[in-house]
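Biologist: I'd like to learn how to read a sheet and its aromatic rings. Can we go through one together?

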Amino acid sequence: MLGLVKKVVRKGLRLYNQALVYAPRGEVTGADLNEDLPRLIREQNPVLFDVGANAGQSITFFRKIFPDSRIYAFEPSSATFRKLASKPFGDQFFLHNFALGREASSREFINYRNPSLSSFLTLDVNPENRFRQEALASKETVEIRTLDDFLPKNNIARVDLLKIDTQGFDLEVLLGSVESLRKGLIQNVFVELNFIQKYENQARAMDIMDLMTRHDFRLVDFYHKVRQNQVLAWCDGLFSRRPFEAAP
């Protein structure tokens, strides 16, 4: 009888492009980031890094899951930074108007009309890139620092989640974090992975995944998947240092 019910439910869900997925209670499943993050991050006052904070979408999301978290947010765009700084995120929120990258420097930053596309990199003109005609708003020179330098200067001994969404610049952020990764200061990484060419000279998803593997991280799952022409175009990858118990 139960099997028949499942069959009917699955058939009904398919009419709405939905699917029934088995999810063991209390375990990370890859089905819902809202449920998976608290299962990986069990500290009562976790330290979260939001690199590429934009308008604060991730900050709002993190606050709902971890209301007592300490959040360090980084947004290089001066215009976007002003909007972000005006929002009442409350205590234990630290906003910085500079970028994180491979090394300390300064570099031209491109502000597009859609701020979520702004990057150090130019949008690629290849036909598969749906954003290739996005209008330019302005350019500015911004400061870049490294996470490896930021952590000791701010007496931060542990990062429970490092979120990186820097529009093709993500590998550069990780390369400026290799000492922190090597020392085990970072426990979980949530990073954008591009499988199509959105930006010129963008980070390759496979290079990011290789770097995470070399620093003893395991892939938890892919989230926020966007498909294009029947293939995965981009998504967010969640990687965790937390040891996984061997299956019985």
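Modeller: Sure, and keep in mind that this is a predicted model. Let's start with a definition: two strands pair if DSSP finds at least two bridges between them. Strands E2 (residues 70–74) and E3 have 4 bridges and run in the parallel sense. In that pairing, alanine 73 stands opposite leucine 95 of E3.

Biologist: What is the strand order in the open sheet of 7 strands?

Modeller: Generally, strands of a sheet pair through backbone hydrogen bonds, either parallel or antiparallel. Here the order reads E3-E2-E1-E7-E8-E10-E9, and the pairing is mixed. E3 (93–96) and E9 (218–228) are the edge strands with a single partner each, so one side of each has no neighbour in the sheet. From one strand to the next, the twist averages 15 degrees.

Biologist: Which strands does helix H3 touch?

Modeller: Helix H3 (residues 57–65) packs on the sheet and touches E1, E2, E3 and E7, with its direction at about 170 degrees to that of E2. Helix H8 (residues 205–214) lies across E8, E9 and E10, at about 160 degrees to E8.

Biologist: How do tyrosine 72 and phenylalanine 150 pair up?

Modeller: You describe a pair of aromatic rings by the distance of the centres and the angle of the planes. Tyrosine 72 and phenylalanine 150 are edge-to-face, 6.0 Å centre to centre with 80 degrees between the planes. Tyrosine 72 is in strand E2 and phenylalanine 150 in helix H5, so their pair ties together parts 78 residues apart in sequence.

Biologist: Are tyrosine 72 and phenylalanine 150 buried or exposed?

Modeller: Both are buried. Ring pairs also link them into a cluster with Phe49, Phe74, Phe94 and Phe98.

Terms used:
Residues numbered from 1 in each chain as written. Predicted model: local features only at pLDDT ≥ 70, side-chain atom pairs only at ≥ 80, totals over all residues. Heavy atoms only, no water. Helix = DSSP H or I, 4+ residues; strand = E, 2+ residues; numbered from the N terminus. Axes fitted to C-alpha atoms, helices over the stretch in contact; angles between N-to-C directions. Contact = heavy atoms within 4.5 Å. Phe/Tyr/Trp six-rings, centres within 6.5 Å; stacked < 30°, edge-to-face > 60°. Buried < 20%, exposed > 50% of the residue type's maximum accessible area, 1.4 Å probe, protein only.
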